[in-house]
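Please open the structure in the viewer and keep the sequence panel at hand. The tour below proceeds from one selection to the next.

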Amino acid sequence: MGAVQLRRRQAGGDMSDRGARLTTQRDIDLVEILDRALGAGIVITGDVTLSLADVDLVYLSLRLVVGSVPTIRGEPADEVHTLAAGAVDPR
Amino acid sequence: MRIEGDREDVARGLAQLVLTLVELLRQLMERQAIRRVEAGGLGDDEIERLGQALIALEQRMEELKEDFGLTDEELNFNLGSFENFFGETDPKQ
Amino acid sequence: MIYAYAICEPATAAALSRRRGLGGAALRALQREGIAAVYSRHRSLQPRPTAKLVMAHERVVEAVMARGAVLPLRFGTQLGDEDRLAAVLAARRRELLHALDRVRGHVELGLRVIREPDRRTDGGAGERSGRDYLLARVGDHRSAELAARELHAPLAALADASVVRDHAAPPDILVAAYLVDVSRVPDFRRCADELAARQERLRVLVTGPWPPYSFAAVERR
């Protein structure tokens with residue numbers, strides 16, 4: 001078969017609306033967005049510390065978010081951001 | 001009878017969640033094992049033991065799936081279950 | 001505290017005045033010498049990476065992207081005040097402008113190559129040696145990786161930049177991101193389609209378009 005191409009219009013949608021436990025485009029979008037917003041993008045030194053240990057573990061957490069049954073609410077428990085309100089390092 | 005049905009659903013739902021997690025971990029461990037073998041530095045006996053552990057894990061997983069009557073699709077651990085997408089994909093390309 | 005979402009050009013940032021960011025806070029723009037940042041002010045904010053907050057962050061970044069070149073910031077970027085943000089813009093101005101130029105008119109497309117779940121056809125329990133089993137898995141994986149890699153090269157040729165993730169977690173065999181000129185997106189998708197059609201054991205997933213998170217880094221790789 002050909003490639004599956006997921007087209008997006010824009011980020012949005014109600015994340016609490018899980019419905020059937022199937023992998024929908026929305027689920028995949030969430031994994032992809034979490035992947036990017038948490039693992040990529042510019043980091044402003046000195047102000048953000050991400051304590052994510054390993055790509056595999058992050059992915060595991062992401063998959064758990066996607067795969068959790070409808071009755072289980074709540075948020076990914078593993079990831080903790082430590083925010084240092086220190087000065088920006090202009091270097 | 002309705003109460004029993006609900007209890008069963010809950011148990012099944014939990015089993016689904018737990019087994020999804022277990023399967024993910026199994027896949028991760030298998031991937032790690034593969035990487036370690038590829039990287040070299042493992043003795044023959046270590047490879048043998050790793051292999052046996054993976055075999056045991058895989059068998060246990062099959063047993064659990066059977067016990068709960070769950071299929072791979074229901075475990076939903078594979079993003080590649082594309083047939084589950086309901087009209088969200090563009091059929092043209 | 002201020003929470004920052006993205007870096008862009010002043011005109012782009014100015015166009016966002018009516019939108020809202022995390023916690024419904026109004027979006028603001030700050031600019032210094034031709035480079036701008038989009039941020040919001042908060043009395044206190046604990047930006048835990050929940051789906052809801054990350055999506056709010058993403059919505060802002062995409063709103064910026066809809067209006068001009070954007071360098072997404074990682075989720076969770078908080079600073080003490082506007083002065084500190086301005087200091088970053090001033091200090092990194094040249095690199096940021098360069099990075100903006102690089103992504104202008106481009107989108108990020110994602111690629112995931114996934115293994116078909118294999119139905120193990122091995123025989124009885126006690127008959128295989130651990131070594132045989134594991135080496136067979138290694139062989140399987142290696143050939144799958146090689147096949148996946150062959151998908152990457154032609155797609156990378158259609159992009160202006162690409163990154164391949166070091167270690168894809170199962171069931172992914174290959175995870176990559178491509179910085180593609182908007183006008184080449186249809187070609188890219190067509191190419192992915194053709195490549196995927198030739199594969200039997202691998203499934204190909206193209207996602208996007210995304211803001212260029214993977215290509216926003218100011219340092220050259």
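**Backbone features of chain C**

In this predicted model, begin by selecting P171(C), which sits in the loop that connects β7 (161–164) with β8 (172–181) of chain C. Add P170(C) to the selection and display the backbone: the peptide bond between P170(C) and P171(C) is cis, with omega at about 5°.

Next, select strand β9 of chain C, residues 202–210, and locate P209(C) within that strand. Together with G208(C), P209(C) forms another stop of this kind, since the bond joining G208(C) and P209(C) is a cis peptide bond with an omega of about 0°. For context, most peptide bonds are trans, and most residues other than glycine have a negative phi.

The second part of that statement leads to the next selection. Which residue has a positive phi although it is not a glycine? Select E33(C): its phi is about 50°. E33(C) belongs to the loop between β2 (27–32) and β3 (35–41) of chain C.

Now show both flanking strands. β2(C) and β3(C) are paired in the antiparallel sense, with 6 bridges. To inspect one bridge, select Q31(C) and its partner A36(C), which lies in β3(C). The hairpin formed by β2(C) and β3(C) has 2 residues between the strands, and E33(C) adopts its positive phi, near 50°, in this hairpin.

Finally, return to E33(C) and consider its surroundings. Is E33(C) buried or exposed? E33(C) counts as exposed because it has 11 C-beta neighbours inside 10 Å, and the cut-off for an exposed residue is 12 or fewer.

Definitions and conventions: Residues numbered from 1 in each chain as written. Chains lettered and ligands numbered in written order. Predicted model: local features only at pLDDT ≥ 70, side-chain atom pairs only at ≥ 80, totals over all residues. Helix = DSSP H or I, 4+ residues; strand = E, 2+ residues; numbered from the N terminus. Buried ≥ 20, exposed ≤ 12 C-beta atoms within 10 Å, placed from the backbone. Pairing = 2+ DSSP bridges.
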